[in-house]
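Biologist: Let's go through this one together, and I'll keep asking how you know what you tell me. Ready?

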Amino acid sequence: MISSAGSRLWQAIEQEHPLQIVGAINANHALLAKRAGFKAIYLSGGGVSAGSLGVPDLGIAGLEDVLIDVRRITDVCDLPLLVDADTGFGVSTLNIARTTRSLIKAGTAAMQIEDQVTAKRCGHRPNKAVVAIDEMVNRLKAVMDARTDPRFAVVARTDALAVEGIESALERAAAYVEAGADVIFAEAVIELTMYSRFASVAKAPILANMTEFGMTPLATTRELADVGVDVVLYPLSAFRAMNKAAENIYNSIRHDGTQAKVLHTMQTRAELYDSINYYSYEDELDRKGKYKQASGIEIEGRKI
């Protein structure tokens, strides 16, 4: 029997502690993450906004924007995929239910939903606002009711720490687990010891967001395990590196009139072909015969 994507994620959580989940901005990066040995991957809402749309992570991207990137990833990579669903892509619980069903149908293993207001902001920026606990609980209940796979994991993110303080964030974490959340994601944690408090109160797996250049201090997996963390997220590490590399390449070509000086920084053609399994696709074409488009269709030298 083929296990569901959600089941594969829970299996990964059981096998690796804490489970490292890396962000994959596109299908190519998903394949690279798998080759590197990761057991799960993540699609960031901020990554979809900046990478696919070229806009800020301010609630501008919609469900269909995310689904396009999700399908491209799940079509070629079988690693369980956690997807950032922001606040659920709509003001109604009906919208949230649709989001849940659509993500499961597209092959995702889990979704992350947060307690910010609909006009959300990056979790490491000032002036965030969160909804009342009851409203977030209703969001979670809508997700639970819409789940077509009972193993589909629901990650409840709270941004209350930076807005209302640690006690409110802990209260929310407990309420979200009671409403059915499987994993708690406390955003913008400023001290690693805070994770221990979330683990104690929530009594559910805890996710730590190791995003760069934010409010949370970077830590090793061992340090995070020691404070009760079960899942470690690196949402945009490869994306940031890719962007910086692209910027350097563009500037070099523009300045020097050639890419010769930066060839050593590039993935080679052979490396790309290897990572996307190019040669097996080509072999399949050769096995099935050569097809040409001329005045008619020519198969192995015979025109039909």
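Modeller: Start with Ala-208, which stands opposite Val-232 in β8. This is a predicted model, where local features need pLDDT of at least 70 and side-chain atom pairs count only at pLDDT 80 or more, while totals for chains, interfaces and linings use all residues. Residues are numbered from 1 along each chain as its sequence is written, and side-chain values use heavy atoms, with hydrogens and water left out.

Biologist: What makes β7 and β8 a pair?

Modeller: Two strands pair if DSSP finds at least two bridges between them. Strand β7 (residues 206-209) and β8 have three bridges, in the parallel sense, so they pass that test.

Biologist: And why is the crossover from β7 to β8 called right-handed?

Modeller: Picture the strands pointing away from you: if the path from the first strand over the helix to the second runs clockwise, the crossover is right-handed. Here the chain leaves β7, goes through helix α10 (residues 221-226) and reaches β8, and this β-α-β crossover is right-handed.

Biologist: What makes something a strand or a helix in the first place?

Modeller: Both are DSSP runs numbered from the N terminus: helices are H or I with at least four residues, and strands are E with at least two. By that rule the protein has 13 helices and eleven strands.

Biologist: How do you know that both faces of β8 are covered?

Modeller: Here "buried" means under 20% relative accessible area, "exposed" means over 50%, and "partly exposed" is in between (1.4 Å probe, protein chains only). In β8 (residues 231-234), Val-231 and Leu-233 on one side are buried, and so are Val-232 and Tyr-234 on the other. As for the two sides, side chains in a regular strand alternate between the two faces of the sheet.

Biologist: Which other strand joins β8?

Modeller: That's β1 (residues 19-23), which runs parallel to β8 with four bridges. One match-up is Leu-19, whose bridge partner in β8 is Val-231. There's a quirk in the loop between α1 (5-15) and β1, where Pro-18 lies: the peptide bond from His-17 to Pro-18 is cis, with omega near -10°.

Biologist: What makes β5 "largely enclosed"?

Modeller: Six of the six residues of β5 (residues 153-158) are buried, so the rest of the structure largely encloses this strand. One side has Ala-153, Val-155 and Arg-157, the other has Val-154, Ala-156 and Thr-158.

Biologist: Which strands pair with β5, and over how many bridges?

Modeller: Strand β4 (residues 110-114) runs parallel to β5 with five bridges, and Gln-112 stands opposite Val-155. From β4 the chain crosses through helix α6 (residues 133-146) to β5, in another right-handed β-α-β crossover. Strand β6 (residues 183-186) also pairs with β5 in the parallel sense, over four bridges. There, Arg-157 stands opposite Phe-185, and Thr-158 has Ala-186 as its bridge partner.

Biologist: How do you know that β6 and β7 pair?

Modeller: They have two bridges, in the parallel sense, so the pairing rule is met. Ile-184 stands opposite Ile-206 in β7. The chain gets from β6 to β7 through helix α9 (residues 193-202), and this β-α-β crossover is right-handed. In β6, Val-183 and Phe-185 point one way, Ile-184 and Ala-186 point the other way, and all are buried.

Biologist: Now the loop between β3 (81-84) and α5 (93-105): is Asp-86 there buried or exposed?

Modeller: Asp-86 has a relative accessible area of 6%, so it counts as buried. Its phi is positive, about 50°, although it is not a glycine. Phe-89 is found in the loop between β3 and α5 too, with phi near 60°. At 17% relative accessible area, Phe-89 is also under the cut-off and therefore buried.

Biologist: How much of the whole protein is buried?

Modeller: Of its 304 residues, 47% count as buried.

Biologist: And what do the contacts tell you?

Modeller: A contact means heavy atoms within 4.5 Å. Among contacts between residues at least 6 apart in sequence, 67% join residues at least 24 apart.
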